[in-house]
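This report was prepared for a reader who wishes to relate the chain to its fold. Please consult the sequence and the structure alongside the text.

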Amino acid sequence: MAKVSIRKRIPPPTAGELGQLLTYIKESDPPRAVTAPDSEVLRREKHNFAGVKRLTLIIALSLAFLSARAQQPWKFRMENTENEVTLCLDLYEESVDVPGMGMFGPMNGYLAGKGVYGVWMVTSCRIVSDKEALIHLSNDQGSETQPVRLTLTSDSTCLFEQTNGNVIKKAVNRKLVKIPSKLELRATTR
């Protein structure tokens, strides 16, 4: 003989019945004690929060460093294309390698260019303000010096004024000619 099962189909609960059921479960469920897995979760969350704090600190310090670097107007490479003169400067520290003068080590900067007679190295410098600085240039033989006033006219241009005469020369048609005593230098992308 085969067994026959008779199942009674139970209708799904209504919204009101579900609400009553949830209320009953909430009221009858006692608060749980913190167990080991829950304390492990809390420990991980605390560790993650410490990681977020550490990351925030690193980002803040990086932004401070970048803004401090951006506030160094006397560290640049500029040139005057008309006279083919390039001025490389870092008046904050001796970090510029002068071409052909590696024996002296890093310096504050140099002036060189196509046809310029020798390489002129920055031997002393003084920052007067954010817009003005005074430098002394000496040729590669040390026989001549030239005081220069630098004035920043914008972020990408600088006025180069030779004071106390004009000593820097360049070769033009096999003759040494003094470069102009005032030059407008523009920032280079190289």
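The following sections describe the overall fold, the strands, several individual residues and a pocket.

## Overall architecture

The structure is a predicted model. The chain contains 2 helices and 10 strands. Read from the N terminus, the order of these elements is α-α-β-β-β-β-β-β-β-β-β-β. The chain has 190 residues, of which 26% count as buried. Among contacts between residues at least 6 apart in sequence, 35% join residues at least 24 apart.

A closed barrel of 8 strands is present, in the order S1-S2-S3-S4-S5-S6-S7-S10, and its pairing is antiparallel. Neighbouring strands of this sheet are turned against each other by 30 degrees on average, with direction ignored. Strands of a sheet pair through backbone hydrogen bonds, in either a parallel or an antiparallel arrangement.

## Strands S1 to S4

Strands S1 and S2 pair in the antiparallel sense over 6 bridges. Within this pairing, Glu-79 stands opposite Thr-86 of S2. The two strands form a hairpin with 4 residues between them.

On which sides is strand S2 covered? Strand S2 spans residues 85-90, and 6 of its 6 residues are buried. In a regular strand, side chains alternate between the two faces of the sheet. On one side of S2 lie Val-85, Leu-87 and Leu-89, and on the other lie Thr-86, Cys-88 and Asp-90; these residues are all buried, and both faces are thus covered.

S2 is joined to S3 by 5 bridges, and these two strands run antiparallel. Leu-87 has Leu-111 in S3 as its bridge partner. Strand S3 (residues 109-113) in turn pairs with strand S4 (residues 120-127) in the antiparallel sense, over 2 bridges. Here Tyr-110 has Met-121 in S4 as its bridge partner.

## Met-121 and Asn-166

Met-121 lies in strand S4. Is this residue, Met-121, buried or exposed? Its relative accessibility is 6%, so Met-121 counts as buried. Discounting residues up to four places away in sequence, Met-121 touches Val-98, Met-101, Phe-104, Met-107, Gly-109, Tyr-110, His-136, Leu-137, Ser-138, Asn-139 and Asp-140. One of these, Asn-139, is 18 residues from Met-121 in sequence, and the C-alpha atoms of the two are 6.3 Å apart in space.

Asn-166 is located in a loop, between strand S7 (157-162) and strand S8 (169-172). Although Asn-166 is in a loop, Asn-166 is buried, with a relative accessible area of 16%. The side chain of Asn-166 makes a polar contact with the side chain of Gln-162, at 3.4 Å. Discounting residues up to four places away in sequence, Asn-166 touches Gln-146, Lys-178, Ile-179, Pro-180 and Ser-181.

The accessibility values of four residues are set out below.

| Residue | Relative accessible area | Class |
|---|---|---|
| Met-121 | 6% | buried |
| Asn-166 | 16% | buried |
| Glu-84 | 37% | partly exposed |
| Asn-173 | 70% | exposed |

## Positive phi angles

Most residues other than glycine have a negative phi. Glu-84 has a positive phi, near 55 degrees, and is not a glycine. Glu-84 is placed in the loop between S1 and S2, that is, in the turn of the hairpin formed by these strands. With a relative accessible area of 37%, Glu-84 is partly exposed.

Asn-173 likewise is not a glycine and has a positive phi, of about 50 degrees. The loop between S8 and strand S9 (175-178) holds Asn-173. Asn-173 is exposed, with a relative accessible area of 70%.

## The largest pocket

Which strand contributes the largest share of the lining of the largest pocket? Strand S1 (residues 75-80) does so, with 3 residues. The space in this pocket amounts to about 170 Å³. The lining consists of Gln-72, Pro-73, Lys-75, Phe-76, Met-78, Asp-130, Lys-131, Leu-152, Ser-154, Asp-155 and Ala-187. Strand S1, which supplies that largest share, is also the strand that pairs with S2 over 6 bridges.

Definitions and conventions. Residues numbered from 1 in each chain as written. Predicted model: local features only at pLDDT ≥ 70, side-chain atom pairs only at ≥ 80, totals over all residues. Heavy atoms only, no water. Pairing = 2+ DSSP bridges. Axes fitted to C-alpha atoms, helices over the stretch in contact; angles between N-to-C directions. Buried < 20%, exposed > 50% of the residue type's maximum accessible area, 1.4 Å probe, protein only. Polar contact = N/O pair within 3.5 Å; in protein donor to acceptor, adjacent residues only side chain to side chain. Contact = heavy atoms within 4.5 Å. 1 Å grid on protein atoms, 1.4 Å probe; cavity = no way out; pocket = protein on both sides within 12 Å on 5 of 7 lines; lining within 4 Å. Points joined across faces, edges and corners; volume = space filled by probe spheres on them.
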